[in-house]
Amino acid sequence: MKKLKVGILGSGNIGTDLMYKIERSPLLEMSVMVGIDPESDGLKRAKNRGYNIISNGIEGLMERLELVDIVYDATSAYAHKHNSDLLTAKGKKVIDLTPAAIGPFTVPPVNLKEHIEKPNVNMVTCGGQATIPIIHAISRIVPVDYAEIVATIASLSAGPGTRANIDEFTSTTSKAIEVVGGAKRGKAIILLNPAEPPIIMRDAIHVLVEKEGHEEAIQKSILEMVKEVQSYVPGYTLKATPIFEGKKVSVFVEVNGAADYLPAYAGNLDIMTAAAVQVGNEMARHHLQLEKEVIL
Amino acid sequence: MTLNILDVSLRDGSHSVRHSFTEEQVRAAAKGLNAAGVRYFEVSHGDGLGGSSLQYGLSATDELKLIEAAVSECTTSEVAVLLIPGIGTKKDLENASKLGAKMVRVATHVTEADVAAQHIELARNLGLKTAGFLMMSHMASVEKVVEQAKLFESYGAEIVYVTDSAGAMLPNDVTEKIKALKQNLQCEIGFHAHNNLSMAMANTVAAVEAGATYLDGSLRALGAGAGNTQTEVMVAVLEKLGYETGIDLYKLMDLANDVIAPLMQQSQEITSSSLTLGYAGVYSSFLLHAQKAAKQFGVDERDLLMKIGQMKAVGGQEDLIYEVAQNLTR
């Protein structure tokens, strides 16, 4: 079966972790890693594994477009629009892992197929990927007036991009809580914890539902959703029993990563990159389907 | 020598009254602070701009309304706000600035100053008096505190605070850290205390003697945990030590008696749970949430707080309280 060729823009924590996950995809072929620092760990690793590397950023990639069908952008919110405009103008699909969010939000267990034909889709944020499925699991049972998430990640897992984009993280996540999660109003908070050994990514999800009740149905819906997320992030678990207090529902999750690049505590990397691979796989499936139809 | 006293009753006190400040209360307090000659006072949700949330407590009145009300009562005093990147955003700061806030303290955990670069830059561009606030300073070494303070200074902070959010520091630790900052930075140095170990006033004196020139306090110690250095006491003590504060002590006492005391929901004495905060090194705003969770799950709040201290929770991680409380019942 013909695989779609993948380029990764940005050789930092997210881009490097993504590379290892692409390797395992039956539908995607890791082709090129694009960075701006030839000495970066990500570029060195890509080179050692036999992939093409480009060390002069998007300009370099634009000269080698034959290497890619899909480009994952793991640079920064500030660089993303420029990158995406250049690539989509040449007919390349772009999956955005920055919080720039110029394309529609995709959270696989909620709307994997919805935007698959769009030139650019956005993966929200790590906190969004970890929490929006739960908010959706509640809002599919009972209308949600307000949902708020608090993501706590290990300091070591937050690279310079994440640190410089902290406001974009909160605004993009809040918006996706509404658009994808189905809450009337959303809010997001992110905390960095420097403890040694590093803490595992954890997320609190607090929701105000329109009406009290439906506790059993909500519990069941949450458990089903957890299983669904586990299908691509096996270390995604409920940390405590959901707490119901009047109209308020609080859910706590922990995300253990697959330790592809950073150790398992950095579940925030995994949930982003694993979700992005789901989207790439779906694009590949869709592409093959189209090709088949043309041949027939 | 003149010292700058910054009163945090209307921000840190927000924790203590469960974020229930009304416009009327804020007006009365602002009027009194202005009349007493307090140069700066802070108004925000306890967790800073944008802090109103289910995690920390929803504000009964929008903090922007409270800021606007406070500003309108000031003739000489200036309103400060707190901003914790990750909770509040640049947009929140712009809104507060438009309403007349003149100072901002941008706060991060003591090891994470680099998330605040953009916010400090924006604050300077807005013409605000700009400070960096190193929360949970007890958790880091002197070297780390200096390194992070230098980052704040490099972004444009005019003051850097050593912030004892857990009320866990002892005077020698305060002296050492403030002295090191004084030696390594050009900007002014501030200190923010919590009284969980009854050290707030002693630590404040240690900070002043080591070179701090910006000092936080709250009236009747209305702040998270056992509260902060009590502003009216601090004014009296500093005067006795020969420092100028420019504050009218009697007017400040009257304000504490007439406006602050009536709105307090509990006394600010050091209870076994606030003592445990300082002992375990837990962020002071965890207190009321831990008391509630302890009751809800039938566990000892001291065990709960000790465990959270061992887990090295940072400010803002109140969600841990419920998880740990559930686990303690197993």
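Modeller: A crossing is called right-handed if the near helix is turned clockwise from the far one by less than a right angle. Keep that in mind as we look at this predicted model.

Colleague: Gladly! Which hand does the crossing of α13(B) and α14(B) have?

Modeller: The crossing of α13(B) and α14(B) is right-handed.

Colleague: What makes α13(B) oblique to α14(B)?

Modeller: The axes of α13 (residues 301–310) and α14 (residues 319–328) of chain B come within 10 Å and cross at roughly 120 degrees. Roughly perpendicular covers 65 to 115 degrees, and roughly antiparallel needs over 145. The angle fits neither class, so α13(B) counts as oblique to α14(B).

Colleague: And which residues of α13(B) and α14(B) meet?

Modeller: From α13(B) come Asp303(B), Leu304(B), Lys307(B) and Ile308(B), which meet Leu320(B), Ile321(B), Val324(B), Ala325(B) and Leu328(B) of α14(B). By class, this contact has seven nonpolar, two charged and no polar residues.

Colleague: How do you know that chain B has a domain 1 and a domain 2?

Modeller: The domain assignment gives domain 1 as 4–261 and domain 2 as 272–328 in chain B. Their centres, taken over C-alpha atoms, are separated by 24 Å. Domain 1 of chain B brings 22 residues to the contact and domain 2 of chain B brings 16.

Colleague: Now the chains: how many residues of chain A are in contact with chain B?

Modeller: On chain A there are 27, in contact with 22 residues of chain B. With six residues, β8(A) gives the most to the side of chain A that touches chain B. That side divides into 13 nonpolar, eight polar and six charged residues.

Note on methods
Residues numbered from 1 in each chain as written. Chains lettered and ligands numbered in written order. Predicted model: local features only at pLDDT ≥ 70, side-chain atom pairs only at ≥ 80, totals over all residues. Contact = placed C-beta atoms within 7 Å. Helix = DSSP H or I, 4+ residues; strand = E, 2+ residues; numbered from the N terminus. Nonpolar A, V, L, I, M, F, W, Y, C, P; charged D, E, K, R; others polar. Domains from an automatic or database assignment. Axes fitted to C-alpha atoms, helices over the stretch in contact; angles between N-to-C directions. Parallel < 35°, antiparallel > 145°, perpendicular 65-115°, else oblique.
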